[in-house]
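Let's take a walk through this one together, starting in the middle and working outwards. Have the viewer open and follow along.

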Amino acid sequence: MLKNILLILSILLITIGLVIYIYLPNLNSFQEDGTLTIDVFEENVTVKRDENGIPYIFANSLADVIRGQGFVAAQDRLFQISLYQKVIAGRLASVIGEGGYESDIEMKVLDIAGNAKRHAKYLDEESRQYLQWYAEGFNAYLDNRKEEFPLELNLLELQPERFTVEGMLSILHFVGFTHGQNYHDEILGLNLVAEMGEEKAAKLHPLNINPDRKNPVQLVVDSLLGMNKLPLVPSKCGIVPSKTSSSIPTSLPYLGSNNWTTNSEHSQNNAPIVSNDPHLDARILPGTWHPVGLFCPQIKAIGGAIPGIPGILSGRTEHLAFGVTNAYGDSQDLFIEEVDPNNPENYMENGESVPFEVRETSIITKFDDVSRHEILKVRYTKRGPVISDFKKFGIQSKKPISFRWSLAEVTSPSIGINHLLTAKNVFEMDSLVAAKIDVMYFNFVFADTKGNIAHRTTGQIPIRGNNNGSTVQVANSQNDWTGIIPKNEMPGQINPAKGWVGTSNHDVVPDNYPYYYSAHFSPNYRYLRMTELLESKSKVSPEDHWSFILDVTNLHAKRFSPLFAKALLKDAETKEMGALLQNWDYKDHTESKAATVFHVVHEELARLIFGDDMSPEMLDKYLNMRYYWLQRSDEIIEKGEEQWVDIQTTENVEDLDQLLVMAGKASKKRLTQLFGENMDDWTWAKMHPITFVSPLRQKGFGRDWVGGGVHPANGSGETLNRGQYALGNEKYESQWFSSMRMVADLSDNEKIRAVVSGGNAARQFHPYFDSQLEAWLKGEMLYWWFDKDKIEEHTVHELVLKP
């Protein structure tokens with residue numbers, strides 16, 4: 001009887017397994033083969049998909065290939081795009097509840113959708129048509145394929161929305177918004193004054209170092225001095241915790257990246273090679289990038305696209321290869337407004353009393369079976385919205401603080417990205433693409449088949465009358481904007497003598513630059529490592545480029561680990577940790593114990609240095625704005641500055657070695673609690689995992705079954721193979737990493753080498769949901785095909801869209 005029961009159970013389990021194996025992949029699928037009649041197309045459009053689900057779209061005109069891209073984007077990423085639309089419009093809380101409330105406040109107050117709508121009035125016909133083609137293809141899918149909408153839409157009761165030119169332009173504006181971090185720095189600077197006084201706050205102003213520049217840039221920080229005269233709110237009042245009740249992401253992703261190109265003479269195959277690995281928080285599958293191929297008589301392209309944006313942003317065409325990083329150009333300023341003492345409904349503008357403009361908007365928050373409607377009244381000055389009226393922005397000032405943003409004032413007729421597919425050389429790329437992109441702030445690195453290489457920053461950057469945009473300013477005519485930096489004077493270079501050019505979100509402002517460009521940049525350690533690798537060989541191969549993307553040497557650790565080791569070796573309790581650092585190769589790889597020790601000791605040291613000058617809430621905020629403090633703190637540590645090294649809450653005067661021993665002991669206690677006393681168990685793999693999840697289940701039971709699982713992660717914030725983490729958590733979960741790796745060798749007309757940290761389809765259970773994740777985790781390259789014969793050879797599905 002027992003044998004019969006076991007046999008029946010075995011058969012039942014096998015049957016359930018077979019049902020899951022066969023049924024689940026088709027539960028959330030779409031048509032990939034055969035023919036569909038779609039009226040929007042002028043002629044037949046063919047979509048061929050390879051084994052990883054990458055669509056290669058073939059058409060007889062540029063209009064139809066972009067329409068085809070819109071249609072395919074809806075097939076693959078309708079749920080993702082629908083969420084984008086809700087976020088940008090400030091309607092996320094109406095879908096997911098309170099978890100989207102703070103995001104909605106930010107979007108409504110800054111009015112990204114309204115800015116895009118105003119901008120759309122100025123678009124030329126070419127730009128408008130390019131966006132319209134994509135919208136037509138996307139909307140055709142909505143009109144014709146309702147029966148195969150992703151199940152995620154039903155689960156969230158989310159209705160997809162048709163695309164308009166204005167709606168698509170709002171995605172470009174939203175990308176530009178994610179590129180802007182300077183106003184967060186200005187808020188932090190203001191709040192630091194509130195907590196520690198203006199003199200100390202000024203000494204913590206960001207330090208940015210461009211290794212290619214001979215003369216340091218002297219930023220104006222005088223505006224921080226004298227802020228104690230302002231009515232600043234006491235400590236803690238401006239620190240607002242985020243609501244995280246929802247499983248859908250509600251905070252903006254951190255952005256970083258590397259890109260570089262080597263010219264023909266510096267490349268093994270005598271043609272330029274371009275590499276790019278955009279660093280994004282892409283833990284939610286299928287990730288950010290949508291791999292796609294576009295082919296018609298006018299263009300031939302393969303690369304990574306952003307869902308909702310036509311064309312590609314990283315990849316290659318018949319004539320060019322290109323990649324992007326965030327340039328962090330400063331398009332944002334905060335201004336201290338003066339309320340009319342005789343009329344609180346007015347503010348003072350150059351001595352005159354002017355009424356605040358008040359605009360009303362609303363936020364709808366979904367609860368179990370009801371919705372809450374809330375009216376927001378947003379005050380405006382001539383500069384922009386008064387953001388200090390809203391706790392979400394966390395500003396510790398009783399005076400109104402307004403937000404001015406060049407994207408709210410842009411009137412550019414061209415979007416620029418439409419020429420990415422058609423530019424014939426780096427000179428056209430520079431003049432038709434980089435010079436025309438006003439709403440996104442990229443470092444473009446690009447090369448052409450003629451052997452030219454180049455770098456150029458994009459975006460509309462204001463010229464400040466006082467040449468300062470790094471701190472909060474008093475609203476007056478002296479501090480006003482006076483123009484826009486001319487596009488031919490934006491940071492960049494063509495055919496540099498060294499034979500390569502690259503960026504890693506670091507300061508790229510050259511010597512004797514006449515304008516203030518930004519004060520928010522990445523520490524330069526990744527760029528220094530990039531320089532070491534690219535100059536280590538006279539000629540580099542595509543395989544070298546790929547290995548550079550995966551490099552985990554930490555030059556920040558190389559600079560400070562010997563200093564840490566020397567101090568830790570002096571104390572019996574920490575000497576074993578010191579020995580690990582003393583014998584370390586400075587590589588943040590998963591089996592390293594020294595990597596774990598270095599990163600934890602560094603965090604504990606930072607907390608000791610700054611913790612007695614800030615509230616715990618401010619300290620956490622400060623330490624998680626790494627670009628603001630890291631290189632400044634490096635200078636403090638290296639010089640052993642007594643003002644910061646001595647802990648003011650103790651009677652003794654500590655030196656740096658004593659502080660390091662204290663940090664070492666705190667680190668040892670923390671790591672022992674996590675992993676036990678045996679230091680062999682303190683591996684970077686355990687301390688620095690990465691978790692890939694489904695948007696439907698980010699936590700709790702079933703998370704790993706419907707997601708991509710938990711894996712050890714190489715790298716850190718200062719390695720080329722990025723693995724940035726947030727401080728203040730028990731472990732250093734990798735949050736910000738190479739969401740796509742791409743190497744385009746212009747001598748190779750068959751393919752580009754690339755992989756994304758996920759897949760192609762934002763559809764739970766679909767085979768394309770995480771089709772490239774395994775290769776990404778292993779550091780393997782896949783081939784995204786450029787040659788039509790190779791595409792045909794690897795085609796596993798073929799769909800014809802006919803008019």
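Keep in mind that this is a predicted model. A good place to begin is the largest nonpolar core, which has 172 residues; within this core, I387, I417 and W784 touch the most other members. Which helix gives the largest share of this core? That's α2, with 14 residues. As a bit of background, nonpolar side chains tend to be buried together in soluble globular proteins. To get a feel for the packing, click on I417: leaving aside residues up to four places away in sequence, I417 touches Y130, L172, I309, P310, L313, I437 and M440. There's also a second core, separate from that one, with 54 residues, among them W584, A594, W629 and L630.

Now back to α2, which covers residues 62-89. Most of this helix is hidden away, with 26 of its 28 residues buried. If α2 were straight, you'd expect a span of 40 Å, but its end C-alpha atoms are only 30 Å apart. Where should you look along the helix? Zoom in on R77, the centre of a kink of about 90° in α2. Just after the helix comes G90, which has a positive phi, near 75°.

Next, hop over to a shorter stretch, helix α17 (residues 616-623), where M618, L619, Y622 and L623 are the buried residues. Look down the axis of α17 and you'll see these buried residues fall within an arc of 125°, so they line one face of the helix. The general rule behind such patterns is that an α-helix has 3.6 residues a turn, so residues three or four places apart point the same way. And what lies over the buried residues of α17? The cover includes α9 (182-196), α16 (593-611) and α18 (626-639).

On to the strands. β30 (residues 797-802) pairs with β1 (residues 34-37) in the parallel sense, over 4 bridges, and here G34 has L799 as its bridge partner. β30 also pairs with β2 (residues 45-49), this time antiparallel and through 5 bridges; T46 stands opposite V800 there.

Finally, find the open sheet of 3 strands, ordered β15-β10-β19 with mixed pairing. β15 (401-405) and β19 (473-474) are at the edges with a single partner strand each, so one side of each has no neighbour in the sheet. β10 (residues 332-336) runs parallel to β19, joined by 2 bridges, and F335 is the residue opposite Q473 in β19.

Notes
Residues are numbered from 1 along each chain as its sequence is written. This is a predicted model: local features need pLDDT of at least 70, side-chain atom pairs count only at pLDDT 80 or more; totals for chains, interfaces and linings use all residues. Side-chain values use heavy atoms; hydrogens and water are left out. The expected span of a helix is 1.5 Å times one less than its number of residues. The bend at a residue is the angle between axes fitted to the seven residues ending there and the seven starting there. Buried means under 20% relative accessible area, exposed over 50%, partly exposed in between (1.4 Å probe, protein chains only). The arc is that of the directions from the helix axis to the C-beta atoms. Contact means heavy atoms within 4.5 Å. A nonpolar core is a set of buried Ala, Val, Leu, Ile, Met, Phe, Trp, Tyr and Cys residues joined through side-chain atoms within 4.5 Å. Two strands pair if DSSP finds at least two bridges between them.
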